[in-house]
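Hi everyone, thanks for having me. Please bring up the sequence and the 3D view, and we'll walk through a few places together.

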Amino acid sequence: MVKRNLYLNVIPVEEALERYLSVIRERVAVKTEHIPVVHSLGRVTVSAIYAKYNSPLYNSAAMDGIAVAANKTTAASDIHPLVLHKDEYVIVDTGDPVHEPYDAVIMAENLIETGNGEIQITEPAMSWQHVRPVGEDIVAHELILTSNHTIRPIDIGVLLSAGITEVEVYRQINVAIFATGTEIIEPNEQIEDGSIIESNSRMFEGLVTEQGAKAHRLGILKDDYALIRNSVKEACAKYDMVIVNAGSSAGTEDFTVHVLRELGEVFVHGVAIKPGKPVILAMVGKTPVVGLPGYPVSAYICYQNFVRPLINYMQNTLDTQSETVEAYLSKRLVSSLKHKEYVRVKVGKVDDKIIATPLARGAGAAMSLVRADGFCVIEQNQEGLEAGEKVTVELCRTVDEIEHTVVSIGSHDLILDVLADMIPNKYKNMHLSSSHVGSMAGLMALKRGEAHIAPIHLLDEETGTYNIAIIKKMFGNSGRHMALIKGLKRVQGFIVPKGNPKHITEIHDVTTCRYVNRQSGAGTRVLFDYLLRKNGISPAEVNGYDKEIATHMAVAALVQSGAVDCGMGIESAARAMDLDFVPVGFEEYDFAIEGHKLTLPHVRAFIEVLKSVEFKEKVMQLGGYEFTNSGEIVKIL
């Protein structure tokens, strides 16, 4: 029987890091090196640096003109110009030496040339006028840079001016990176059933480089104990630090912890962090080895919590702190008392409040890292956070970007991606941030003041109209002035595999196949439920009615994978995934908004792009849309 790894001692994040760093401080020497100043950008000085030379090296002209002896010009005036002969001045350009007996410079534009080398001046020169004295900027032996200073471009210029051509800095460490897993393949290799494209090591490569260290990606190691053991042993002898990705969890082929126990010492295996529990902190000889979990989000969060401070220590660099803001949480978050949890959030400023909307929390949801504007931390021993609670968000973007972002919460459509791409290109520093929670949830977010706009497509069964009736019902007694930004019409229907093998042509046919539904409150779900009631079909007759998905593209992906036979969605999603589509009819996809937000510059940018010819051209390529008064404002209340 193959032994599994068990986390017998899962410890708090801070305790795990301190335990590991205390070992590193005892066993790992922070190394230094001498390098040319011209290659020192971003490096950290070991000791104070003092000037070798003065700057300027000599008394020098600060202007183009003539150098004169100031005491020989006292008689000059507008009424009685003074004539200087050739032997009473020297022509100088900026930077030229000014030697005795000369001690002043008169600018060229204040000179009157009379010929034969004679020059008239109409006012006397002051001693040291337009002359830079020796050492004016830098005096030999004065302090230029302190120890532990990160060298900037301006510092390089000053060092060279002071005659310093070489500096002692803390050495960049060399970090070896391994990916492990028999199922892992390179992006350009043949994809087979069960294959996973390797990407984490490339992320680590970028993160290590971003910190000023040297990254060495050494490829993929199959799940072979001897191979992993020999590769890690060799890397530990050659590099300053080793990262082993995946193989740190409790699987029967997760060999990393066993290898590290054989080669060296494991100080931590299992940390109270979510996602990212199965992190390994070890030493092989004097080389730190960190085993990071395989799920992308877990890997990223563990890198930031454990590898980042380790590299900072070994290079003696300061950690650059991300900007933080106080924000209000848009929905309740439940968390385990056992872990410190990092929740990815979208962030935007609505009225005078910054709103944080949680994204997918799965450890494998790599796109949530790309979409995230920041992280909200739920501390260990905290059960969660309530909707409306003030939280601290560590930002991945600047506050200025956040304040110029249209916050969209509501129904999903591919056109939101088109808008998000076009807005900052057409209007610099304007952005769109969208969270896909369904039409009804979007309107509720709008009602709570958590969004600028709510994309909706809600059919009112009584009137047969879209969107306006539901806004009147929800906001009619609120005293708010509501409006619609008209979007477009889009085709809803059934997304089916190529060739439509189940021969789905109308609503009754969904009872004969495996179906995937949209979440409760989504406009597509409202339409589907309406069609079921209209045709006397019970939800219990639909195999998969309770299987809920958040976006049209996720529905299309499930159909393409063969996991389901059918799902309701928009035509553009079917086209994007090269699937067949059975149209049901057009619906109106619009944007609900409070009237006073229409004048915001980023909302105006959103509307102008929505109305643009370029936007229509791009959307027409997706297929399944019609444009009727796109960008028009309809006042409702």
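Let's begin with a pair of strands. Strand β4, residues 65-68, is joined to β6 by three bridges, and the two run antiparallel. If you click on Ile 66, you'll find Ile 91 of β6 standing opposite. Please keep in mind that what we're looking at is a predicted model.

Now let's widen the view. These strands belong to an open sheet of three, in the order β6-β4-β7, with antiparallel pairing. Why is one side of β6 and of β7 left without a neighbour in the sheet? Both β6 (90-92) and β7 (104-107) stand at the edges with a single partner strand each, so one side of each has no neighbour there. From one strand to the next, the twist averages 35 degrees. And a general reminder for the newcomers: strands in a sheet pair through backbone hydrogen bonds, and the pairing can be parallel or antiparallel.

Here is another sheet. It is open and built from six strands, ordered β16-β13-β17-β21-β20-β18, and its pairing is mixed. At its edges are β16 (214-221) and β18 (265-269), each pairing on one side only. Neighbouring strands in this sheet are turned by 20 degrees against each other on average, ignoring direction. For a parallel example, look at β13, residues 174-180: six bridges join it to β16. One residue to find there is Ile 177, whose bridge partner in β16 is Arg 217.

Next, a loop. Ser 55 sits between β2 (49-50) and β3 (60-61). Is Ser 55 buried or exposed? Its relative accessibility is 13%, and the cut-off for buried is under 20%, so Ser 55 counts as buried. Leaving aside residues up to four places away in sequence, Ser 55 touches Gly 135, Glu 136, Asp 137, Ile 138 and Ser 161.

Last stop: empty space. How many cavities of 30 Å³ or more does the structure hold? There is one, and the largest cavity has a volume of about 40 Å³. Its lining consists of Lys 346, Val 347, Gly 348, Ile 355, Thr 357, Val 407, Ser 433 and Ser 435. Three strands, β24 (340-350), β25 (353-358) and β30 (431-436), each supply at least two of the lining residues, and the largest share, three residues, comes from β24. By class, that lining has three nonpolar, four polar and one charged residues.

That's my tour, so please ask away!

Terms used: Residues are numbered from 1 along each chain as its sequence is written. This is a predicted model: local features need pLDDT of at least 70, side-chain atom pairs count only at pLDDT 80 or more; totals for chains, interfaces and linings use all residues. Side-chain values use heavy atoms; hydrogens and water are left out. Two strands pair if DSSP finds at least two bridges between them. Helices (H or I, at least four residues) and strands (E, at least two) are DSSP runs, numbered from the N terminus. Axes are lines fitted to C-alpha atoms, for helices over the stretch in contact, and angles run from 0 to 180 degrees between N-to-C directions. On a 1 Å grid over the protein atoms alone, a cavity is a set of points where a 1.4 Å probe fits but cannot get out, and a pocket is an open set with protein on both sides within 12 Å along at least five of seven lines; lining residues have an atom within 4 Å of a point. Grid points are joined across faces, edges and corners, and a volume is the space filled by probe spheres set on the points. Ala, Val, Leu, Ile, Met, Phe, Trp, Tyr, Cys and Pro count as nonpolar, Asp, Glu, Lys and Arg as charged, and the others, Gly among them, as polar. Buried means under 20% relative accessible area, exposed over 50%, partly exposed in between (1.4 Å probe, protein chains only). Contact means heavy atoms within 4.5 Å.
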